[in-house]
Amino acid sequence: MALLAGAALLCFCSAGTSLAAPGESWEEAPSAQSLLDSQLPTDYSRALPTAQVLIDVGHGGIDGGAHHEHILEKDINLAVAKKVYAMLQAQGIRTVLNRNGDYALSDDNRWNGRASRHRRDLSQRSQLTKEINTQILVSIHVNWAPDRTEYGPLVLHQNEGESALLAFCIQDALNRRQNTRGLPRVGKPFYLLNVVKHPAVIVEMGFISHEGDRLMLTNPDKQTELAAAIASGVRNYILLR
């Protein structure tokens, strides 16, 4: 468990946190030694990061996700998720990424003894929602269908009101960007939506199997537009709560 917390804290600290309290200079902040010397009971929960939003970056490492020839979902997910993270941080919304590089979260899982790498990956993602004090989870993905005419964004949510509201906010923002009219749906079979206890959604940004969506998903400028839509939906949800 310490490995999990440490990895999460490293990701969060990259956003520029410090030991200084608000309005206090770095020189005035208490030293690490003085904190260790304190006689107060240790509260280890304070060592873990807190954030309003946890961005779950789908797939990674050996798990490439959906693909079309050499184009892999995991790379698209990461590119867009990093942009969403930067936009939310710039708007003052505290945000955490659960991966910021091309690696499988199952590799970090030393506590689940299951032989299935896929199960370890999913359980690692859900465990981070317990170790990091966050309000919502937004999981970034790319869709695929055997019918090459399927296109457009789709946001999946829990069978619960807050999650549905979050999904509608993001779906509406994506529809406006992509000129589509899709509606969010309940994602009953999806592991993360079933085990995460706070509002969570899976954002399928478009279909890698559709030529038009694929061009959008792999264009850096269009990725920025996708990220802006997702960030806008998250912000609107937070304002509505």
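Visitor: Which residue follows α5, and what is the sign of its phi?

Guide: Helix α5 is followed by N179, whose phi is positive, near 60°. This is a predicted model, in which local features need pLDDT of at least 70 and side-chain atom pairs count only at pLDDT 80 or more, while totals for chains, interfaces and linings use all residues. Residues are numbered from 1 along each chain as its sequence is written, and side-chain values use heavy atoms, with hydrogens and water left out.

Visitor: Why is R235 called partly exposed?

Guide: Buried means under 20% relative accessible area and exposed over 50%, with partly exposed in between (1.4 Å probe, protein chains only). R235 has a relative accessible area of 29%, so R235 is called partly exposed.

Visitor: What is R235 in contact with, leaving aside its neighbours within four places in sequence?

Guide: Contact means heavy atoms within 4.5 Å, and on that rule R235 is in contact with Q91 and I93, once neighbours within four places in sequence are left aside. R235 and Q91 are 144 residues apart in sequence, and their C-alpha atoms are 8.6 Å apart in space.

Visitor: How do you know that the span of α5 is close to the expected one?

Guide: The expected span of a helix is 1.5 Å times one less than its number of residues. Helix α5 has 18 residues and reaches 25 Å from its first C-alpha to its last, which is close to the expected 26 Å.

Note on methods. Helices (H or I, at least four residues) and strands (E, at least two) are DSSP runs, numbered from the N terminus.
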